[in-house]
Each structure stands twice: as structure tokens, then as C-alpha cells.
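Reader: Please give me a close look at the largest pocket, and set its lining in the context of the helices and loops around it. I would like a careful account, residue by residue where that helps.

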Amino acid sequence: MNLQPDTLAVLSHLDDITEGALRKRNDLGVILELAASRADSAAFNDLTRTGMGLWKVYRTLRSLRSGDDGYATLEREFGSLVNELREQLAALVAEADDEVLKRFDDTYFGMTQGVVRNLVDLGHDLARIKDLQNSAR
């Protein structure tokens, strides 16, 4: 998918403010492009909110051990957020071209540890956007 100049400008700005720390920059560009082409800011905002939640829960889980209080609850919340992010991504890319569909299917919709890691990385990037949105308010 070819990204429009506006999308490339947003990615460049995100690169600047995150000091190049985006983990799924190209996929984020596709997501931005698809949301813009559908004029669906609500879906994009839902995606950023879910990504932020996933990233926060993941970071908290990493600081705990499996026997710690609340760990099981956070683990369930993590699974729920992973599934929610997948559903939101699936809805967003449903009308994308075959190349994008295959890429996202391989990267985000499988049932492997690598797919979960990819979703966490995407959550990280979406959290950076949510931070930017919140700071602009």
C-alpha cells in the first residue's frame, strides 16, 4: 500500500517525538492510511485506546511474578485486550488490498507467541499516539 504524503508526515512527526522508537512503523502507517481513507476517526481512537491499555497491562505484568496478587486478573485482562485489538484491526483492514490482508494476517491474526509480541509492539506504538492525542487536549 502506498502511503499518502499526509500519512508520511504524521509518521515522520511520530519518529521525531519518539526518537525513532516506533516498533511497527510501517504497519502503523497502513493503519493511519486505512482509517483516513474510511474517515473513521472513532475506529482509530478505539484502536489507540485499546493499544494503550494493552501496553500498560503488558508493562505491569512484566514487573510481577506469576504468584503475585492480581497477576491472574491482569493476565486475563491482557488476553482480553489482545483479542479486542485483533478484532479492531480485522475490522479496519477488512476492505484493504490482498497484500495488506496477507501481511496483517501473518503478523497479527495467528496464534503464536510471535503474533502476541507483534500485537504488544503495535500496542506500544498506538500508546505513543494516544499520549500525543492526550497531550494535545
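Author: A pocket is here an open set of points on a 1 Å grid where a 1.4 Å probe fits, with protein on both sides within 12 Å along at least five of seven lines, and a lining residue is one that has an atom within 4 Å of such a point. The model is a predicted one, and everything below should be read with that in mind.

The largest pocket has a volume of about 160 Å³, and its lining consists of Gln4, Asp6, Thr7, Val10, Leu32, Glu33, Ala35, Ala36, Ser41 and Phe44. Helices H1 (5-17), H2 (25-37) and H3 (41-62) each contribute at least two of these residues, and the largest share, four residues, is that of H2. By chemical class, the lining breaks down into five nonpolar, three polar and two charged residues.

One of the lining residues, Glu33, deserves a closer look. Glu33 belongs to helix H2 and is buried, because its relative accessible area of 10% falls under the 20% cut-off. If residues up to four places away in sequence are set aside, Glu33 touches Met1, Asn2, Leu3, Gln4 and Thr7; of these, Gln4 and Thr7 also appear in the lining of the pocket. For a sense of distance across the model, the C-alpha atom of Glu33 lies 22 Å from that of Val115, a residue 82 positions away along the chain.

The loops that join the helices of the lining hold two residues with an unusual sign of phi for their type. Glu19, in the loop between H1 and H2, has a positive phi of about 55 degrees although it is not a glycine, and Glu19 counts as exposed because its relative accessibility is 75%, over the 50% limit. Ala39, in the loop between H2 and H3, likewise has a positive phi, of about 50 degrees, without being a glycine, and with a relative accessible area of 68% Ala39 is exposed.

From the pocket the account can follow helix H3 onward. Thr48 sits in H3 and, at 0% relative accessibility, counts as buried. Its contacts, leaving aside neighbours within four places in sequence, are with Leu126, Ile129, Lys130 and Gln133, and these four partners fall within the residue range 113-135 of helix H6. Another set of contacts involves Gln88 of helix H4, which, again without neighbours within four places in sequence, is in contact with Asp46, Leu47 and Thr50. Gln88 counts as buried, because its relative accessibility of 18% is under 20%. The loop between H3 and helix H4 (71-93) holds Gly70, which at 38% relative accessibility counts as partly exposed. The C-alpha atoms of Gly70 and Val116 are 21 Å apart, with their positions 46 residues apart in sequence.

Helix H6, already met through the partners of Thr48, also carries Asp121, which is buried with a relative accessible area of 11%. Not counting residues up to four places away in sequence, Asp121 touches Arg23 and Lys24. Asp121 and Gly79 are 42 residues apart along the chain, and their C-alpha atoms are separated by 15 Å.

The last piece of this surrounding picture is the packing of H6 on helix H5. Helix H5 (residues 98-108) and helix H6 (residues 113-135) pack at an angle of about 105 degrees, their axes being 7 Å apart; since angles from 65 to 115 degrees count as roughly perpendicular, H5 and H6 are described in that way. The contact draws on Asp106, Thr107 and Tyr108 from H5 and on Val115, Asn118, Leu119 and Leu122 from H6, and its residues divide into four nonpolar, two polar and one charged.

To return to the part you asked about, the largest pocket, of about 160 Å³, is lined by residues to which H1, H2 and H3 each supply at least two, and among them is the buried Glu33.

Definitions and conventions. Residues numbered from 1 in each chain as written. Predicted model: local features only at pLDDT ≥ 70, side-chain atom pairs only at ≥ 80, totals over all residues. Heavy atoms only, no water. Axes fitted to C-alpha atoms, helices over the stretch in contact; angles between N-to-C directions. Parallel < 35°, antiparallel > 145°, perpendicular 65-115°, else oblique. Contact = heavy atoms within 4.5 Å. Nonpolar A, V, L, I, M, F, W, Y, C, P; charged D, E, K, R; others polar. Points joined across faces, edges and corners; volume = space filled by probe spheres on them. Buried < 20%, exposed > 50% of the residue type's maximum accessible area, 1.4 Å probe, protein only.
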